[in-house]
Amino acid sequence: MSELDLAEHGLRNVAAGDLKPVLKERLQVSDLPAHPPRVLLLYGSLRERSYSRFLVLEAERLLKTFGAETRVFNPAGLPLPDEAETSHPKVAELRDLCAWSEAQVWCSPERHGAMTGILKSQIDWVPLSVGAIRPTQGKTLALMQVSGGSQSFNALNQMRVLGRWMRMITIPNQSSVPRAYQEFDEEGRMKPSPLYDRVVDVMEELVKFTLLTRGQSDYLVDRYSERKAEREKQSAAETAALGVVR
């Protein structure tokens with residue numbers, strides 16, 4: 001691997017050994033995974049006639065059509081964060097599905113101008129790290145919301161912040177369905193409309209981004225600051241070990 005010339009560009013505060021060149025060949029991987037993209041879908045309502053669930057099921061149909069393998073998590077029975085241990089069956093199920101997934105879809109109703117606590121609780125049960133494993137880092141994410149009134153993007157904006165915080169690759173496109181009670185028939189199927197077309201766009205884009213980044217996400221999220229911190233941690237441990245031996 002070629003070394004970067006820090007002096008040429010006046011970089012004074014960078015640890016040379018931890019700053020690595022960006023390698024184009026690492027972004028042109030030939031042996032990408034052959035299995036279908038794995039997508040986990042989360043929704044944010046427990047109502048019997050839940051429009052966020054209906055929208056997620058429409059999204060799932062589209063994802064399967066695009067060749068993805070899907071799982072929809074039912075939040076019924078999931079305890080509040082900190083109310084139970086991580087061994088709780090619903091918590092364990094959610095975490096296992098998150099680890100299994102390569103992409104996710106989050107869909108929330110907008111309630112009091114915000115995403116619902118039901119959707120937020122699901123996200124809160126998924127930690128940034130479990131040992132050396134980061135359950136969400138590098139995974140692609142698509143966002144959707146439903147509203148009872150006029151079109152809004154409050155829940156979408158909140159979820160986009162959360163996706164960034166969870167270190168996910170959140171795709172640019174998104175779906176907001178206003179007056180959701182008018183957009184679904186009695187069987188819970190979404191009616192034809194430009195709003196439905198946008199859902200198709202979002203799922204198509206999610207599959208494309210997932211195919212583009214999976215198998216390479218470890219390299220895409222490999223960070224200078226974390227390499228430096230890990231090296232310093234190992235160096236301190238080695239120094240401590242030498243002190244014990246002496």
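**Helix packing and an internal cavity**

In this predicted model, the axes of helix 1 (residues 51–65) and helix 5 (residues 194–213) come within 9 Å of each other and cross at roughly 55 degrees. Because an angle between 35 and 65 degrees is counted neither as roughly parallel nor as roughly perpendicular, helix 1 and helix 5 are described as oblique to each other. The crossing of these two helices is, in addition, right-handed. On the side of helix 1, the contact is made by Leu-55, Glu-58, Ala-59, Leu-62 and Leu-63, while helix 5 contributes Tyr-196, Val-199, Val-200, Met-203, Leu-206 and Val-207. When the residues of this contact are sorted by class, 10 are nonpolar, none is polar and 1 is charged.

The two helices belong to a protein chain that has 7 helices and 6 strands. Read from the N terminus on, the elements of this chain follow the order β-α-β-α-β-β-α-β-α-β-α-α-α, which ends in three successive helices. The C-alpha trace of the chain spans about 75 × 40 × 35 Å along its principal axes.

Empty space enclosed within the model was also examined. Rolling a probe the size of a water molecule over the atoms shows where such space is left. The structure holds 1 cavity of 30 Å³ or more, and the largest cavity contains about 50 Å³ of space. The lining of this largest cavity is formed by Leu-40, Leu-42, Leu-94, Cys-98, Gln-104, Trp-106, Gln-122, Ile-123, Val-126, Thr-136 and Met-166. Several elements take part in the lining, for at least two of its residues are supplied by each of strand 1 (38–43), helix 2 (89–100), strand 3 (103–111) and helix 3 (117–124). In terms of residue class, the lining of the largest cavity comprises 8 nonpolar and 3 polar residues, with no charged residues. Nonpolar residues thus appear both in the contact of helix 1 with helix 5 and in the lining of the largest cavity.

Technical notes. Residues are numbered from 1 along each chain as its sequence is written. This is a predicted model: local features need pLDDT of at least 70, side-chain atom pairs count only at pLDDT 80 or more; totals for chains, interfaces and linings use all residues. Side-chain values use heavy atoms; hydrogens and water are left out. Axes are lines fitted to C-alpha atoms, for helices over the stretch in contact, and angles run from 0 to 180 degrees between N-to-C directions. Helices (H or I, at least four residues) and strands (E, at least two) are DSSP runs, numbered from the N terminus. Angles under 35 degrees count as roughly parallel, over 145 as roughly antiparallel, 65 to 115 as roughly perpendicular and the rest as oblique. A crossing is left-handed if the near helix is turned anticlockwise from the far one by less than a right angle, and right-handed if clockwise. Contact means heavy atoms within 4.5 Å. Ala, Val, Leu, Ile, Met, Phe, Trp, Tyr, Cys and Pro count as nonpolar, Asp, Glu, Lys and Arg as charged, and the others, Gly among them, as polar. On a 1 Å grid over the protein atoms alone, a cavity is a set of points where a 1.4 Å probe fits but cannot get out, and a pocket is an open set with protein on both sides within 12 Å along at least five of seven lines; lining residues have an atom within 4 Å of a point. Grid points are joined across faces, edges and corners, and a volume is the space filled by probe spheres set on the points.
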